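New to this one? Here is a quick briefing to read alongside the picture, sorted by topic.

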Amino acid sequence: MSCLDTIADYGLRSIGIGERLLPRGDGIGLCEQFTLIGSGLIWNVYFGALALLFGFVFATALALAKASPRAALRKPAEWFVFVFRGSPLFIQFFVTYEALVLLPQGGLHLGGLTIPTGWVTSAWSGALFVLFLNTSAYAAEIFYGALRAVPKGDLEAADAYGLTGWARFRRVVWPTMLRLAWPAYTNEAIFLFHATTLVFFSSFPAYQQRGDALYYAKYFADKTFDPFIPYPIAAFYFVLVTLTIIGIFGVINRRLNRHLPQAARPRLRIRPQLIR
C-alpha cells in the first residue's frame, strides 16, 4: 500500500470516514503513524476551537460581571473564576464526568418531554464543556485585568463625545480591553490547545476508537514498543498548531493596534505555561 493510499484510507478515520481497523504488525510505518495521528488531531482542533470560541464570549461576560459594582453579579463571577483557576484541569475532568454519570440514563423527564442525557458523558460533549468552563475562567481574569487598565483618558474622551451605555462599551471600552488583553489571551489560546491532550487521560471515552492525536500516538507506541516515534510526531503536529495560532492571533493583534504608530504597537510575546 502506498502512502497516498494510506492517507486516503486513514486520513479521516478519527471522524468515522475510511478504514475501521487500525494497522497492525508489519503494516505500521511512518506514513501510517503520521496519517493517523494527524487524523486524531482533528478532535484536538475541534475541542480547542469550540472551547475558545464559546469561552471568549462567556469570558467577556464574566469580566464585566466581575467589574460590576453590584454584588449579585460580581460575587458569582469571582467564585467561578476562583474555582476553575484554583483547581487542576485534570481534576475538573474527573469531577465533571462523575457528576454527569449521575444523571438518569433514561433521560430527564420534564412533564411529557424526555431529554436524553447519555450524550453528555461522551468526550465530544462532556470534555468540550469542561474545556469551555476552564478557558472561560482564565480568559475572564485576563479580560478583567484589561478592563481595569483601560486608560482614564479614553473614558473621558468617550464621555466628551456623548457616548454612554452600550455605545460607550462597544466603541471604546471593549476594543481597548481586547487590545490590552490580546498578548496574554494568545498564550491562553495556545495552552488551551495543548490542554486538549488531557482529554485522552480523562474519564470521557472516545467514540468507537475515534480518538484524538494522543490516542493514536499511544496505540502506535504500544504496538511498536517504540514511543520515540509516535509521541514526537504528535508534538510536531502541536507545534504546527501553535504556529498557526500565533499567526492568526498576530494578524488580529495588528488589526487591534492599527491606529497606533508602528513603534508603539505591542508585539506578541509567547510565554507557554508549563503548569496550570
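Is cysteine 31 buried or exposed? Cysteine 31 is buried, because its relative accessible area is 15% and anything under 20% counts as buried. Keep in mind that this is a predicted model. The bullets below start with that cysteine's bond and then move on to charges, rings, the surface and a couple of single residues.

**The disulfide**

- Searching the whole structure turns up 1 disulfide.
- Its two ends are cysteine 3 and cysteine 31, with an S to S distance of 2.0 Å.
- The bond links distant parts of the chain: cysteine 3 sits in helix H1 (residues 3-10) and cysteine 31 in helix H2 (residues 30-66), 28 residues apart.
- The disulfide between cysteine 3 and cysteine 31 is right-handed, because the torsion about its S-S bond is about 90 degrees.
- The partners sit in different accessibility classes: cysteine 3 is partly exposed at 40% relative accessibility, while cysteine 31 is buried at 15%.

**Salt bridges**

- Side chains of opposite charge can pair when their charged atoms come close.
- The count of salt bridges here comes to 5.
- One of them is between glutamate 141 and lysine 66, whose side chains meet with an N to O distance of 2.4 Å.
- Glutamate 141 belongs to helix H5 and lysine 66 to helix H2, so this pair ties together parts that are 75 residues apart in sequence.
- Lysine 66 is buried, with a relative accessible area of 12%, whereas glutamate 141 is partly exposed at 24%.
- Arginine 168 and aspartate 159 make another salt bridge, and their closest N and O atoms are 3.3 Å apart.
- Both ends of that bridge are partly exposed: arginine 168 has a relative accessibility of 25%, and aspartate 159 has a relative accessible area of 44%.
- In helix H9, aspartate 222 and lysine 218 are 4 residues apart, so about one helical turn separates them.
- These two also form a salt bridge, with the closest N and O atoms of aspartate 222 and lysine 218 lying 2.8 Å apart.
- Aspartate 222 is partly exposed at 42% relative accessible area, and lysine 218 is partly exposed at 34%.
- There is a network as well: salt bridges link Arg74, Lys75 and Glu78.

**Aromatic rings**

- Aromatic pairs add up to 27 in this model.
- Take tryptophan 79 and phenylalanine 82: their ring centres are 5.7 Å apart and their planes meet at 85 degrees, so the pair is edge-to-face.
- Both of these residues lie in helix H3 (residues 71-86), where tryptophan 79 and phenylalanine 82 are 3 residues apart, about one turn of the helix.
- Tryptophan 79 is exposed, with a relative accessible area of 56%, and phenylalanine 82 is exposed with a value of 56% too.
- Elsewhere, Phe56, Phe143, Trp174, Trp182, Tyr185 and Phe249 make up one aromatic cluster.

**A nonpolar patch on the surface**

- Which residues form the nonpolar patch on the surface? They are Leu30, Phe34, Ile229, Phe236, Val239, Leu240 and Leu243, and together they have about 600 Å² of accessible area.
- H2 and H10 are the elements that give two or more residues to the patch.
- H10 supplies the largest share of the nonpolar patch, with 4 residues.
- Leucine 30, one of the patch residues, is found in helix H2.
- Leucine 30 counts as exposed, because its relative accessibility is 51% and the class begins over 50%.

**Two single residues to look up**

- Phenylalanine 225 lies in the loop between helix H9 (213-224) and helix H10 (230-256).
- Its backbone stands out on one point: phi of phenylalanine 225 is near 55 degrees, a positive value in a residue other than glycine.
- Phenylalanine 225 also counts as exposed, at 74% relative accessibility.
- Where is serine 125? Serine 125 has its place in helix H5 (residues 123-148).
- Serine 125 is buried, with a relative accessible area of 11%.
- Leaving aside residues up to four places away in sequence, serine 125 touches Trp119 and Val120.

Key:
Residues numbered from 1 in each chain as written. Predicted model: local features only at pLDDT ≥ 70, side-chain atom pairs only at ≥ 80, totals over all residues. Heavy atoms only, no water. Buried < 20%, exposed > 50% of the residue type's maximum accessible area, 1.4 Å probe, protein only. Contact = heavy atoms within 4.5 Å. Disulfide = S-S within 2.5 Å. Patch = residues over 30% accessible without salt bridge, like charges linked within 9 Å, V, L, I, M, F, W, Y side chains within 5 Å. Areas by Shrake-Rupley, 256 points an atom, 1.4 Å probe, with all protein chains shown as cover. Salt bridge = Lys/Arg side-chain N within 4 Å of Asp/Glu carboxyl O. Phe/Tyr/Trp six-rings, centres within 6.5 Å; stacked < 30°, edge-to-face > 60°.
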